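Work through these exercises with the structure open beside you. Try each task before you read its solution.

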Amino acid sequence: MASTMISVSPSNFGTIRCLDGQSHSGLNLKPSTNRLFFNTGRTIKLRSTSQFVIRASDEQEAKLKKFGLTDEECEAAVVAGNAPEAPPVPPKPAAPAGTPVVQSLPLNKRPRRNRKSPVLRASFQETYLAPANFVYPLFIHEGQEDTPIGAMPGCYRLGWRHGLLEEVSKARDVGVNSIVLFPKVPDALKTPTGDEAYNENGLVPRAIRLLKDKYPDLVIYTDVALDPYSSDGHDGIVREDGVIMNDETVHQLCKQAVAQARAGADIVSPSDMMDGRVGAIREALDTAGFSDVSIMSYTAKYASAFYGPFREALDSNPRFGDKKTYQMNPANYREALVEARADEAEGADILLVKPGLPYLDIVRLLRDSSPLPIAAYQVSGEYSMIKAAGVLKMIDEEKVMMESLMCLRRAGADIILTYFALQAARCLCGEKR
């Protein structure tokens, strides 16, 4: 019977028992002795070299020979020209009838070679999507019930006491641990100067405190702008001639940001597009002792027609005019660099582009020109179009949803604010919708 020499650390065996009945543990064995030990079906012979000889039992030796030949015998057969048979090379798949017979193109490079199988495609994939890339926008209101938003199927104004907590819990279950809050403020609290925005017992501060009490590690983004609180529906204070007052608005925004930070917000997000507001908010936060609270600036927020469903959700449409004097012209590209450089200089921590998919070139522009994290907002209009086309069976909703999010990541977005956050995360986690 063949023997195999192995060097065994004492820790490999707990306790082994000698044939004469004595037990030995660890280093208690004396290498000068010559005794036989056994352990779990193996006979162990102690030699003077402090090594063990392990002899396989008959049963184990039979298992080793279940393939019939030793390695040496197999190699000898191959050397002698008696290689065992393997499946034949599969035939080349036939082309359909009528396919022309042509010479192969003289191509040294054929990019399709790296796409010819799922394994190869996965190996060379450049962009990945994960629940951690999502920030989930949530609408809240003072009511106790969750109210459906007609223009945004699947979205609700959540009751801040119960529905909000439940929705956050669902998101956390699939790895989405970042949210941004948008309040539906009662009309009776709206004023021309939007003072409710910095009420420390207002809807948003209360919701933040509730969430932080329940989920201390939840990352909470907040919206810094006056439009939900303004009786005029604009992001700033409106002068009697219709002009949006810049510096006076910034003063209000600073107080709003501090109130949100005091409630426990992790990241405040000025979406108003007033000049100089990032620097002023940074100074206000630092002065109030919130130097660790980040600023995600809506750097390139365009005066877009894609915002319609959102304004229905918050009942925040402008009472008159539009927002073109402070939001960017959709025709402009280089202007985004002007805004980005200003926000960087003023202390922004994250730069955001809004809308998302129609502005992939701007996402890429900021990604290539700034070392800061880049965010993209897949806005309500983008969401609702995909939902509507999916309901009408014009597209595969799930596939288009995931493709649109992947495109935002590929363009350079580190995080994506999307109403699809929960649904997309469930897909990524393999759950059904």
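## Exercise 1: A helix and its cover

Helix α12 (residues 397-411) has 15 residues, and from its first C-alpha to its last it reaches 21 Å, close to the 21 Å expected at 1.5 Å a residue. The model is a predicted one.

**Task.** Find which residues of α12 are buried, and name elements that cover them.

**Solution.**
1. Go along the helix. Glu397, Met401, Met402, Ser404, Leu405, Cys407, Leu408 and Ala411 are buried in α12.
2. Now look at what lies against them. The cover of these buried residues includes β7 (134-141), α10 (360-369) and β17 (374-378). It also includes α11, β18 and α13.

## Exercise 2: The helix α11

**Task.** Compare the span of α11 with the span expected for its 12 residues. Then work out how many of those residues are buried.

**Solution.**
1. Take the span. α11 reaches 16 Å from its first C-alpha to its last, close to the 16 Å expected at 1.5 Å a residue.
2. Count the buried positions. Nine of the 12 residues are buried, and α11 is mostly covered.
3. Name some of them. Among them are Tyr383, Ile386, Ala389 and Gly390.
4. Look for the partners. The buried residues of α11 pack against α8 (308-314), β17, α12 and α13.
5. Step past the end of the helix. Just after α11, lysine 393 takes a positive phi of about 60°.

## Exercise 3: One residue of α11

**Task.** Is isoleucine 386 buried or exposed? Which residues does it touch, beyond those up to four places away in sequence?

**Solution.**
1. Locate isoleucine 386: helix α11 holds it.
2. Use the cut-off. Buried means under 20% relative accessible area. Isoleucine 386 has 9%, so it is buried.
3. List the contacts, leaving out residues up to four places away in sequence. Isoleucine 386 touches Gln378, Ile395, Glu397, Val400, Met401, Ser404 and Phe420.
4. Check one distance. Isoleucine 386 and serine 404 are 18 residues apart along the chain, and their C-alpha atoms are separated by 9.5 Å.

## Exercise 4: Aromatic rings

**Task.** Classify the pair formed by tyrosine 383 and phenylalanine 420. Explain why the pair ties together separate parts of the chain.

**Solution.**
1. Start with the total. The whole structure has 10 aromatic pairs.
2. Take this pair. The rings of tyrosine 383 and phenylalanine 420 are 4.6 Å apart, centre to centre, with 50° between the planes, and the pair is tilted.
3. Place both residues. Tyrosine 383 lies in helix α11 (residues 380-391), while phenylalanine 420 is in the loop between β18 (415-418) and α13 (421-428), so the pair ties together parts that are 37 residues apart in sequence.
4. Check burial. Tyrosine 383 and phenylalanine 420 are both buried.
5. Widen the view. One aromatic cluster is formed by Phe139, Phe182, Tyr298, Phe310, Tyr377, Tyr383, Tyr419 and Phe420.
6. Add the charges. Lysine 354 lies over the face of tyrosine 377, at 4.7 Å from the ring centre. The charged end of arginine 206 sits over the ring of tryptophan 160, 5.0 Å from its centre.

## Exercise 5: Core and buried polar residues

**Task.** Which residues have the most contacts inside the largest nonpolar core? Then decide whether serine 297 and arginine 157 are buried or exposed.

**Solution.**
1. Find the core. It has 107 residues, and Leu181, Leu211, Leu285 and Met296 have the most contacts inside it. Helix α6 (residues 246-263) gives the largest share, seven residues.
2. Turn to serine 297 in strand β15 (residues 294-301). Its relative accessible area is 0%, so serine 297 is buried. Residues it touches include Pro270, Asp343 and Leu352.
3. Turn to arginine 157 in strand β9 (residues 156-159). At 18%, arginine 157 is also buried. Its contacts include Glu145, Asp146 and Glu312.

## Exercise 6: Cysteines

**Task.** How many disulfides does the structure hold? Use cysteine 429 as a test case.

**Solution.**
1. Recall the bond. A disulfide is a covalent bond between the sulfur atoms of two cysteines.
2. Give the total. The structure holds zero disulfides.
3. Test cysteine 429. The nearest cysteine sulfur, that of cysteine 427, is 9.4 Å away, and cysteine 429 is in no disulfide. The cut-off is within 2.5 Å.
4. Add its exposure. With a relative accessible area of 44%, cysteine 429 is partly exposed.

Methods:
Residues are numbered from 1 along each chain as its sequence is written. This is a predicted model: local features need pLDDT of at least 70, side-chain atom pairs count only at pLDDT 80 or more; totals for chains, interfaces and linings use all residues. Side-chain values use heavy atoms; hydrogens and water are left out. A nonpolar core is a set of buried Ala, Val, Leu, Ile, Met, Phe, Trp, Tyr and Cys residues joined through side-chain atoms within 4.5 Å. Buried means under 20% relative accessible area, exposed over 50%, partly exposed in between (1.4 Å probe, protein chains only). Helices (H or I, at least four residues) and strands (E, at least two) are DSSP runs, numbered from the N terminus. Contact means heavy atoms within 4.5 Å. Rings of Phe, Tyr and Trp (its six-membered ring) pair if their centres lie within 6.5 Å; planes under 30 degrees apart count as stacked, over 60 as edge-to-face and the rest as tilted. A charge sits over a ring if NZ of Lys or CZ of Arg is within 6 Å of the ring centre and within 35 degrees of the ring normal. The expected span of a helix is 1.5 Å times one less than its number of residues.
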